[in-house]
Amino acid sequence: MASTRTRQEAYDRICQDFFSALDRIIPLDESKPLKGQTLRDFELQARELKEAIIPTLLEERAVLSAAAQMPTAGRCPSCGSERTYLESAVRQRELRSPGGPVVLSRQDARCRACNRSFSPSGS
Ligand SMILES: [Zn+2]
């Protein structure tokens, strides 16, 4: 799967989401009030932060991992041919993680010998 992001871009997106979520809990602007007063309120805020950041972290990590492991389509799992190529279209699918919904990109490969498509990662 070809990555459209660098590590720096992934890092920046994760940090942006994290600081945006943190600012909703502890606004840097001192004129904005802090919400909640009990430990239960703070726990709920921590959960919201987790749910805001974990999907982004998983999405970015998956993109970087796929880019590192899938430079080519590899061998066809149906006929064993190496006459394969990565298809240009990238499909997106939404999965449910413990931290919330995660959108992962998937690039299929196709075999020129048997014309079947497959996932180069085997997923
Ligand atoms: Zn094949």
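Setting aside neighbours within four places in sequence, T56 touches three residues: R13, I14 and D17. That is a handy place to enter this model, which is a predicted one. From there, the tour moves to a zinc ion held by four cysteine sulfurs, C76 (SG), C79 (SG), C111 (SG) and C114 (SG), and to a hairpin formed by β1 and β2.

**Around T56**
- T56 is part of helix α2.
- With a relative accessible area of 4%, T56 is buried, where the cut-off for that label is under 20%.
- One of the contact partners of T56 is D17, and the side chains of T56 and D17 are joined by a polar contact of 2.5 Å.

**The zinc site**
- The four sulfur donors, from C76, C79, C111 and C114, sit at 2.3 to 2.4 Å from the zinc ion.
- The angles among the four donor atoms run from 104 to 118 degrees, and the site is tetrahedral.
- Along the chain, the donor residues follow the spacing C-x2-C-x31-C-x2-C.
- C79 comes from the loop between α2 (39-69) and β1 (84-97), while C111 belongs to strand β2 (residues 100-111), so this pair ties together parts that lie 32 residues apart in sequence.
- Are these two cysteines buried or exposed? C79 is partly exposed, at a relative accessible area of 42%, whereas C111 is buried, at 1%.

**E82, in the loop before β1**
- Like C79, which lies in the loop between α2 and β1, E82 is found in that loop.
- E82 counts as exposed, with 57% relative accessibility; the label applies over 50%.
- The side chain of E82 makes a polar contact of 2.5 Å with the side chain of R75.
- Although E82 and C111 are 29 residues apart along the chain, their C-alpha atoms are separated by 7.8 Å.

**The β1–β2 hairpin**
- How do β1 and β2 run, and how many bridges join them? The two strands are antiparallel, with 11 bridges between them.
- Two residues lie between β1 and β2 in the hairpin.
- If you would like a pair to look for on screen, L95 stands opposite V102 in β2.
- Strand β2 also carries the zinc donor C111, so one and the same strand takes part in the hairpin with β1 and supplies a residue to the pair that ties together distant parts of the sequence.

Definitions and conventions: Residues numbered from 1 in each chain as written. Predicted model: local features only at pLDDT ≥ 70, side-chain atom pairs only at ≥ 80, totals over all residues. Heavy atoms only, no water. Donors = N, O, S within 2.8 Å, 3.2 Å for Na, K, Ca; no water. Tetrahedral: all angles 85-135°; square planar, octahedral: opposite > 155°, others 65-115°. Helix = DSSP H or I, 4+ residues; strand = E, 2+ residues; numbered from the N terminus. Buried < 20%, exposed > 50% of the residue type's maximum accessible area, 1.4 Å probe, protein only. Polar contact = N/O pair within 3.5 Å; in protein donor to acceptor, adjacent residues only side chain to side chain. Pairing = 2+ DSSP bridges. Contact = heavy atoms within 4.5 Å.
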